[in-house]
Structure formats: structure tokens, C-alpha cells
Amino acid sequence: MTGPRTGPPAEPLPIVLAGARGHGRWHVANIRRLQALGVVRLVGICEVNPLTEEEFGGELPAQSADFGALLDATGARAAVICTPIPTHTDLALTAASRGVHLLLEKPPAPSYAEFRRMADGVAAAGVACQIGFQSLGSHAVPAIRELIADGAIGTVTGVGGAGAWARDEAYYRRAPWAGKRRLNGADVIDGALTNPLAHAVATALALAGSDRAEDVTAIETELWRANAIESDDTSCVRITTAEGRPVTVAATLCAEHPDEPYVLVHGSRGRITFWYKQDRVLLQRADHGPEEFEYGRTDLLENLAGHLTDGTALLVPPESTGAFMKVVEAIRLAPDPAPLPESAWRRPPGEDRRVVPGVDALVAAAADTLALYSELAAPWAAHEEVSTR
């Protein structure tokens, strides 16, 4: 096995991108931005079906459907993996076996066992691995932690998360694994909380100071679907941490009025709201007027490059996503999501999507009260059995 290629690079970090379509287009644009700054150099793209120059928007680097062969041929020192969820572990280990460092998209794996196989393999190979929770690169995260440590909102009593988004029915036809819990016998677990709104879960756990696997003692899940899919599109989870504080995150892809997702830190003398996609924070506390702050953000690929160049600490190493993966595992082991009755959803005029009336308020109420849907006034959730792991 080739040892990790470490030490300051003599030139921009040569990287390969696995998965350049779909969300991979965001990585293409980000790599181009960092390439213009002299931080990285794109030397290869791994796609089952090769890109055209027109599709890529310029001259293409080397391409191959064989990830390992492409790493060998290009001499890449790092790789970005943005491929279907069930492929993450094997591709990560393929890179690690060649000493290639990683930015691995979230969710890092479809099960806790696969996550451990990936994380342990990467650690054994001695390569750096960053998990793609971009919200954890926000400078708001350490700022909020400092506010908490300084007692700005008193004693933290719990953390809520809310995500009210919309996805049309074409979203579930974008790939064979979309909206699936399993595909060809392999776990996928492509649900609202584990993929599109996974940042809400990971960020809530991070602000609770409970991001490692051992920080989680119990998980309750409630999973529903309005769409004709296998996975959940309207769901909530309550995590009990080792410190005894609840973390409740509610999500839907069937919102009436889609809005920015946020995490809410509850304290005995105030609260902190973090709109994590906007890096925006609202501090509300006793005997003070509301204060709003905006923060910058460190890009995770740039952070990985800095780690390899000068030892900058990784922002999202695998172990800091262990608690999130415990949530993924609880959702994987839970009963299949219950279909909502047809009376509980509708199609808005002129839109090819399903909306659950009243769900926006439910999502907000769950984050505000740290309650599950079944404990709130959702008629379709009143008698649903809670799955506890």
C-alpha cells in the first residue's frame, strides 16, 4: 500500500472529483474558484458516463469510470467524493489505500456499520478525511459555542432544528436511489433528515456539544411520507444526549411556504437562532434587546488543503459526525415511513409537488418545544408509534 502523500505541495493540490453531475456541479464550481486562487488543481473526473466539454463548460481533465485507476494515472493527492450514498465507503477506502486524502459528501454512509468501516479504514491508512457538512465551516458555530460558554443564554436546556423545504416529484426521479431506503439489497436511507436536511441534524448536534457517537444515549424517530417513495419526506427525531439534554429536529420536503432551515439553542435565560445556510445568528436574552450577527464561512475543501499544507485542524473529521450517523442508523432500523392519508396532502395549482397543509407550523413548533409530531396537534401523527433506539 502506498503511504499518504503528505507535506507541503510544490504546486496547487491535485484533486480528482468523483461525481460531477447533480450536486457535483456545485463542487465543480467550487474547485474552479479554488483553482483560480492557486489552492487546488483539478486533474481528473470520475463518472460512469463521461462528461462532454459542453456539459462541463470547458476543457476537460482526464476522465475514467475507474476511480482507482484515475487516482493512479493522475497522481492526485486528494479526492472529492460526491456519488450515490451506497458507494461512499468503498470509494473512500479506494482512495485511502492509495494515500489519497478525502472530502466525502454527506451523509458519509448509509449505515453505522458502513460508517465505521470507512472511518476505521481511513484512520488506518493515515489519510485526512473531511465530511461535507458545509454548515460546520460557518464561523457562526464557534461564535455560538462561545456565547453558550459565556452564559449568554443561561443554562442550555435543549436544541431544536427546523427545515421546511419543498421538492417536486421530479426530485425523486433524478436518480435510481433517490427517495429509496434500499436499492438492490443495499442500504440507501435517502430521507429528509439523512440527506437534504442532514445539515440541520448535524448542526444541532454540534451546537449541543454532542457530535460524537458516544454522546448519544437514545433516539426517537417519527417518519412519514406524502410522496410515493420509500423514504421519509416529513419526519422528526429526538436525540437524548449523554448530558441529558434533548435535541429535536423536524423536517419536511412538503412545505406550504419553503423557508430557510435553522437551529435553535434553548437556554434558561434566552435563545440563539442560527440560520445555517445564511451564516446568520439571532441572540435573544433576558434584559437585552435582540442582537443579530452575520458570519463568514471556511470552505471545507480549502480547509482540507490547508490541513495538508500547514496542519490546520480539520473542521469536520469523521469522528465529529458519529452522533449524526447514530441518527442515520436509528432511521435505518425504524419501521418504514408511514404513508400520510390522501386527505393530509394536496397538490398546489400549477406545481408538480405534494404539500402537507399545516406542516410548516408543525416543524417550527417541534423546534420551539422540542416535541415530536405525535406530541403536537398533527391529526395524522396522533396515533403513530414512536420508534426508539
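1. Let's start with the walls of the largest pocket: the residues lining this pocket split into 17 nonpolar, 15 polar and ten charged. Keep in mind as you look around that this is a predicted model.

2. How big is that pocket? The volume of the largest pocket comes out at about 1300 Å³. Its lining takes in 42 residues, and the ones closest to the centre are Gly22, His23, Gly24, Cys82 and Glu105. Try clicking on those five to find the middle of the pocket.

3. Now for the elements around the largest pocket. Helix H1 (24–36) and helix H4 (88–96) are the elements that each give two or more residues to the lining. Which of them gives the largest share? That's H1, with four residues.

4. Next, have a look at the second largest pocket, which has a volume of about 170 Å³. Its lining includes Leu136, Gly137, Ser138 and His139, and also residues from further along the sequence, among them Thr298, Leu315 and Ser320. Helix H6 (residues 140–149) supplies the largest share here, three residues. Sorted by class, the lining of the second largest pocket has five nonpolar, five polar and two charged residues.

5. Two single residues are worth a look as well. Proline 337 sits in the loop between helix H9 (322–333) and strand S17 (338–339). Is proline 337 buried or exposed? Its relative accessibility is 5%, so proline 337 counts as buried; the cut-off for buried is under 20%.

6. What does proline 337 touch? Leaving out residues up to four places away in sequence, its contacts are Arg181, Leu223, Trp224, Arg225, Glu230, Ser231 and Asp232. For a sense of distance, take alanine 125: proline 337 and alanine 125 are 212 residues apart in sequence, and their C-alpha atoms are 38 Å apart in space.

7. The other residue is alanine 65, found in the loop between strand S3 (62–64) and helix H3 (67–74). Why does alanine 65 count as exposed? Because its relative accessibility is 52%, and exposed means over 50%.

8. Exposed or not, alanine 65 does have partners: it touches Cys46, Glu47 and Val48, again not counting residues up to four places away in sequence. Proline 50 is a handy reference point too. Alanine 65 and proline 50 are 15 residues apart along the chain, and 7.6 Å separates their C-alpha atoms.

Note on methods
Residues numbered from 1 in each chain as written. Predicted model: local features only at pLDDT ≥ 70, side-chain atom pairs only at ≥ 80, totals over all residues. Heavy atoms only, no water. Buried < 20%, exposed > 50% of the residue type's maximum accessible area, 1.4 Å probe, protein only. Contact = heavy atoms within 4.5 Å. 1 Å grid on protein atoms, 1.4 Å probe; cavity = no way out; pocket = protein on both sides within 12 Å on 5 of 7 lines; lining within 4 Å. Points joined across faces, edges and corners; volume = space filled by probe spheres on them. Nonpolar A, V, L, I, M, F, W, Y, C, P; charged D, E, K, R; others polar.
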